[in-house]
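Colleague: I should be grateful for a close look at the salt bridges of this model and at the residues around them. Please state the criteria as you go.

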Amino acid sequence: VQGPLDGPPPALPESHKRIIFVQPKRGQEHEAAEKILSRFASRAFRRPAGGDEVGRLVKFVELARANGERFERGIQLGMEAVLVSPHFLFRIEQDPLPGQEGADADGIHPVSDYELATRLSYFLWSSMPDDELFHDAFKGRLRSNLQRQVARMLKDPKSRAFVDNFVTQWLEIRKLRMLSPDPQRFPTFNDELREAMLEETTRFFAALIDEDRSVLELIDADFTFLNERLAKHYGIRDVTGPEFRRVRLADADRGGVVTQASVLTITSNPTRTSPVKRGKWILEQLLDMPPPPPPPNAGDLKDDGKVVSSASLRERMEQHRANPSCATCHAPMDPLGFGLENFDAIGAWRDRDGAFPIDASGTLPDGSLFKGPRELKAILKQRKDEFVRCLAGKMLTYALGRGLEPYDQCAVDDIAASLAQHDYKFSALIQAIVDSDPFQKRRGK
């Protein structure tokens, strides 16, 4: 049964109209297919599609017509070809051939404006460029407009992807979703608290960017973001409801990512804290000073009930370090970790570990003395040059999507120096990365 024969054509969805933006007239299907597939392929490839590329795609439309199928079916086949192309699936960057303009003996050359737009959008948005970036690339003026574009992109809600992806990778808190603290020892830990921990850290990082605050506040700050569940976990009063809000911290022992529950939990064992893991995390993620791997015969710390009740964790670790081969690795790590011992394995404050009072003091290899989290953070802020250089390297690695090579270290030094000259503002860090040679150039083969 067919009908009504004179009824109106079916309403097409908006997605159909955005793709097939011209309706072919009889005998002009080829020209219409070129326009449609050229625009679609250029968007998918994140650069203008070449004439030969579009010509190969149009052949699918001609094939469909030759088989008696509709024009739209041919466009569908052409789109399928685009979506399995390496130019869509990968971020391909072209190198000039020897002798071409822009080539040199070492193969070092600036990326094209379209390639720069793609690097920029995946750095700050984790997605493809928008029309404004494409337009600046088409006009050849993206490099001269980089500062304005970076500011615009950071204000766009899509920049939340940068916060979520970079922070969870750098601080390693994406591990939190896979961790399960011992429910017998930590019965208050559940999925609601887990998600609140992650939300605190990402909201805190986003605020530093949105307000263009100092990157040094990552080490220590007088505010954070809490809801009732997490505030209760921290022992902070007068925060009610599931909504997160900015909270000023009256206790200097809290503040900065190192004392947030997300970091404290991923650097603990399921049944107890781990000064070794926490110290190692500080060395690797904040100071870029990874310790050497443990020797094969290092052994593990005994955690059976009889041993735990006989001595504090600090005393048991001192016995473990009696082995000279262990002491070398533990000397730079353990004091840093002991400075955070007032926080239990899920980041709640405590004054005792079982029957033993907490000793959160430490002596670093350079002779620096501290007691408790606030004094530890003060020492870390004194080492701001190391921290800033570490952060610059971590963020440059994320922006490039590759590990850093020895020849990148000069760029890291320049980024860190630029940050110091601009009061350590977050905008200065991101702009210095975007302006750097590793971000704007590539080394061909």
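Modeller: The account below begins with the basis of the values and then follows the charged pairs and their surroundings.

The model is predicted, so local features need pLDDT of at least 70 and side-chain atom pairs count only at pLDDT 80 or more, whereas totals for chains, interfaces and linings use all residues. Residues are numbered from 1 along each chain as its sequence is written, and side-chain values use heavy atoms, with hydrogens and water left out.

Side chains of opposite charge can pair when their charged atoms come close. A salt bridge is taken here as a side-chain nitrogen of Lys or Arg within 4 Å of a carboxyl oxygen of Asp or Glu. By this rule, the model has 35 salt bridges.

One of these joins R442 to E93, with the closest N and O atoms 3.1 Å apart. R442 belongs to strand β8 (residues 441–443) and E93 to the loop between α5 and β1, so the pair ties together parts that are 349 residues apart in sequence. Helices (H or I, at least four residues) and strands (E, at least two) are DSSP runs, numbered from the N terminus. R442 is partly exposed, because its relative accessible area is 22%; buried means under 20%, exposed over 50%, and partly exposed in between (1.4 Å probe, protein chains only).

Both partners of this bridge also touch V111. Apart from its neighbours within four places in sequence, V111 is in contact (heavy atoms within 4.5 Å) with E93, L116, R119, R143, Q440, K441 and R442. V111 sits in the loop between β1 and α6 (113–124), and it counts as buried because its relative accessibility is 2%.

The loop between α5 (86–89) and β1 (108–110) also holds F90. F90 counts as exposed, because its relative accessibility is 54%. Together with L83, F88, L89 and I92, F90 makes a nonpolar surface patch of about 450 Å². Patches are made of residues with over 30% relative accessible area and no salt bridge, like charges being joined within 9 Å and nonpolar side chains (Val, Leu, Ile, Met, Phe, Trp, Tyr) within 5 Å. Accessible areas come from the Shrake-Rupley method with a 1.4 Å probe, and for residues only the protein chains shown count as cover.

A second bridge links the side chains of E29 and R65 (3.7 Å, N to O). Since E29 lies in helix α2 (residues 29–45) and R65 in helix α3, the pair ties together parts that are 36 residues apart in sequence. R65 is partly exposed, at 43% relative accessibility.

Helix α3 (residues 51–66) also contains E53, which counts as buried because its relative accessibility is 17%. The side chain of E53 makes a polar contact with that of R47 at 2.9 Å and reaches the backbone nitrogen of G50 at 2.7 Å. A polar contact is a pair of N or O atoms within 3.5 Å; within protein, one must be able to donate a hydrogen and the other to accept it, and residues adjacent in sequence count only if both atoms are side-chain atoms.

A further bridge, between K280 and E284, has its closest N and O atoms 2.9 Å apart. These two residues are separated by about one helical turn, because they are 4 residues apart in helix α13 (residues 275–286). K280 is partly exposed, at 34% relative accessibility. Elsewhere, salt bridges that share partners join D130, E132, D136, R141, R148 and R152 into one network.
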